[in-house]
Amino acid sequence: MSKLNNKNILLISVKFFNYEVLIKQELEKMGASVMLFDERPSNSFFSKAIIRVKKEFYKTKINSYYKDLMQQLASNKFDYFLLIKGEAVPKFFIEFLRTKNPNIQLFYYTYDSFKNNKNGVEIMDLFDAKYTFDSNDAVKYNMGFRPLFFATDYSDLYSNTKKSFNYDLAFIGTAHSDRYIIAEDANNWCSKNGFKMFTFYFSPSELLFKIKKLTEKSFKDFDKAKISFKSLSHKEIISIYRDSKSILDINHPGQNGLTMRTFETLGAGRKLITTNENVKKYPFYNPQNIWIIDRSNPQYDTSFFESNFVPINEDVYKSMSLTGWIEEVFGLKSTETWANVLEK
């Protein structure tokens, strides 16, 4: 029986591609009762931008949102509180939870670097345990290091690694930085070498896309016909993975933590092409499964596409899963699997 059985958990998270819901569902499978709330008062383009760039201008709205939440939760008792990202939540709300629930355990997790999230730095000392996906931040801020994960839907594809695929390579991602340039270069290489590639570029706002077209060099030649302002559903993404032998991952420049895409790809038993050379430090790294490219001069090899995926060590694979993530973040298992990533 899980140690989370019959426990009451408060989960507050920014919305990130429905993963907050999958976390809630996994906790409930483990026997917990979970209340989930959005960390942001609003998910409009303006709200997201102002919280990230100048949160002080939105302080009244944020404080009002959390005071309302305090009233909603005044009669509830919680064993655990899990906060994911922590870009908006005020200190007074966390202090309220501690006062109302003297025995509560507070856990913090971020999948963003702190250079993009000052509020996370300001509140993390209020937590009993804190984790980041960023190995540099883990050392700098003396935090636990815990990479991201893959959901169960991806592990369902894991054994299906030897069929014929509709696509040799696929890219699915939000349009930012140099992603379009790199993915289109890969698409051209595939066409010239007899391989087939699927691409999907998403922008959360047509206005944002227009601004980037005017202000960012990497967006200058972006074909608007290739951008979508509606994201793919979880089922649609799973379907593309099912039909793809390998996945292209293009991390944000300057961010060393591994993306969710990395774990989804390997969790599905698909080969990974990535711009993040830090992947070499991780216990699942295998050059037959993972091809690293230089984002300024990407090179590919036909033999990588022609060889099969090599199964990952079972214990490491379990730790990479959503269940493994929950067990480690909630302190039910150690994070020893990832210790060597932090070694210099």
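## Cores, helices and rings in a predicted model

In the largest nonpolar core, which has 64 residues, the members that touch the most others are Ile-23, Tyr-154, Phe-284, Ile-312, Met-320, Trp-325 and Phe-330. The structure described here is a predicted model. In soluble globular proteins, nonpolar side chains tend to be buried together.

Trp-325 shows what such a position looks like. Leaving out residues up to four places away in sequence, Trp-325 touches Ile-23, Leu-82, Ile-84, Tyr-109, Arg-146, Pro-147, Leu-148, Phe-149 and Ser-319. Another core, of 25 residues, lies apart from the largest one and includes Leu-10, Phe-78, Ile-104 and Met-124.

Trp-325 is also one of the buried residues of helix α14. This helix covers residues 322-329, and 7 of its 8 residues are buried, so the rest of the structure largely encloses it. Besides Trp-325, the buried residues are Leu-322, Gly-324, Ile-326, Glu-327, Glu-328 and Val-329. They pack against the helices α1 and α13 and the strands β3, β4 and β5. Just after α14, Gly-331 has a positive phi of about 75 degrees.

Helix α1, one of the elements packed against α14, spans residues 19-29 and contains Tyr-19. Is Tyr-19 buried or exposed? Its relative accessibility is 4%, below the 20% cut-off, so Tyr-19 counts as buried. Neighbours within four places in sequence aside, Tyr-19 is in contact with Phe-149, Ala-151, Tyr-154, Met-260 and Glu-264. Tyr-19 and His-234 are 215 residues apart along the chain, yet 9.4 Å separates their C-alpha atoms.

A charged residue can be buried too. Asp-137, in helix α6 (residues 135-140), is buried and has no salt bridge. Lys-140 is the nearest side chain of opposite charge, 5.6 Å away. Asp-137 is in contact with Asp-112, Ser-113, Phe-114, Thr-132, Asn-142 and Met-143, again without neighbours within four places in sequence.

Three distances mentioned in this report are listed together below.

| Residues | What is separated | Distance |
|---|---|---|
| Tyr-19 and His-234 | C-alpha atoms | 9.4 Å |
| Asp-137 and Lys-140 | side chains of opposite charge | 5.6 Å |
| Lys-271 and Phe-304 | charged end and ring centre | 4.2 Å |

The last row concerns a ring: the charged end of Lys-271 sits over the ring of Phe-304. Rings also pair with one another. How many aromatic pairs does the whole structure hold? A search finds 41. One aromatic cluster is formed by Tyr-65, Tyr-66, Phe-81, Phe-93, Phe-96, Tyr-108, Phe-114, Phe-127 and Tyr-141. Phe-114, a member of this cluster, is also among the contacts of Asp-137.

Key: Residues are numbered from 1 along each chain as its sequence is written. This is a predicted model: local features need pLDDT of at least 70, side-chain atom pairs count only at pLDDT 80 or more; totals for chains, interfaces and linings use all residues. Side-chain values use heavy atoms; hydrogens and water are left out. A nonpolar core is a set of buried Ala, Val, Leu, Ile, Met, Phe, Trp, Tyr and Cys residues joined through side-chain atoms within 4.5 Å. Buried means under 20% relative accessible area, exposed over 50%, partly exposed in between (1.4 Å probe, protein chains only). Contact means heavy atoms within 4.5 Å. Helices (H or I, at least four residues) and strands (E, at least two) are DSSP runs, numbered from the N terminus. Lys and Arg count as positive and Asp and Glu as negative; His and the chain ends are not counted. A salt bridge is a side-chain nitrogen of Lys or Arg within 4 Å of a carboxyl oxygen of Asp or Glu. Rings of Phe, Tyr and Trp (its six-membered ring) pair if their centres lie within 6.5 Å; planes under 30 degrees apart count as stacked, over 60 as edge-to-face and the rest as tilted. A charge sits over a ring if NZ of Lys or CZ of Arg is within 6 Å of the ring centre and within 35 degrees of the ring normal.
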